[in-house]
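Visitor: I would like to go through the labels used for this model and the reasons behind them. Please take them one at a time.

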Amino acid sequence: TTSGIKGRVVDTNKHPLPGTTVIAVHEPSGTQYGTITNNDGYFQISGMRTGGPYKVDVSFVGYSTSSFKGVQLSLGDEYPLTVELSESN
């Protein structure tokens with residue numbers, strides 16, 4: 001009855017960014033889901049409401065935040081999301 005998002009966060013040199021914050025907000029209800037990446041930059045959020053749209057923000061100190069809008073989750077599926085963050089000025 002649920003779905004999820006999983007993926008990896010890396011920098012522009014393809015190095016993993018452990019400890020990156022990943023927040024997904026189900027826009028119609030305002031329900032928020034979150035996690036942080038592991039030592040290899042991977043993350044997984046399970047038990048999410050199906051449908052959407054979701055807004056997903058990926059942020060790490062010293063890097064520009066990446067936002068993804070209009071993410072739709074299918075029943076029983078995990079939406080794949082690979083993110084490359086660039087250093088902020």
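Visitor: What is the strand order in the open sheet of 4 strands?

Guide: This is a predicted model. The order is S3-S2-S5-S6, and the pairing is antiparallel. Strand S3 (31-36) and strand S6 (66-73) each have a single partner strand, so they stand at the edges, with one side of each left without a neighbour in the sheet. On average, neighbouring strands here are turned by 20 degrees against each other, direction ignored.

Visitor: How do you know that S2 and S3 pair?

Guide: Pairing requires at least two bridges. Strand S2 (residues 21-26) and S3 have 6 bridges in the antiparallel sense. One of the partnerships links Ile23 to Gly34 in S3.

Visitor: Why does His26 count as buried?

Guide: Buried means under 20% relative accessible area. His26 has 5%, so the label applies. His26 lies in strand S2, and its contacts include Thr31, Arg49 and Tyr54.

Visitor: What makes Tyr33 and Tyr54 an aromatic pair that is tilted?

Guide: Ring centres must lie within 6.5 Å, and tilted covers planes that are neither under 30 nor over 60 degrees apart. For Tyr33 and Tyr54 the values are 6.2 Å and 50 degrees, which fit both conditions. Tyr33 lies in strand S3 and Tyr54 in strand S5 (residues 51-59), so the pair ties together parts 21 residues apart in sequence.

Visitor: Phe60 and Tyr63 also form a tilted pair. Why is Phe60 called partly exposed?

Guide: Partly exposed lies between the 20% and 50% cut-offs. Phe60 has a relative accessible area of 24%, so it is partly exposed. Tyr63, at 17%, counts as buried.

Notes: Residues numbered from 1 in each chain as written. Predicted model: local features only at pLDDT ≥ 70, side-chain atom pairs only at ≥ 80, totals over all residues. Heavy atoms only, no water. Helix = DSSP H or I, 4+ residues; strand = E, 2+ residues; numbered from the N terminus. Axes fitted to C-alpha atoms, helices over the stretch in contact; angles between N-to-C directions. Buried < 20%, exposed > 50% of the residue type's maximum accessible area, 1.4 Å probe, protein only. Contact = heavy atoms within 4.5 Å. Phe/Tyr/Trp six-rings, centres within 6.5 Å; stacked < 30°, edge-to-face > 60°. Lists of a residue's contacts leave out its neighbours within four places in sequence.
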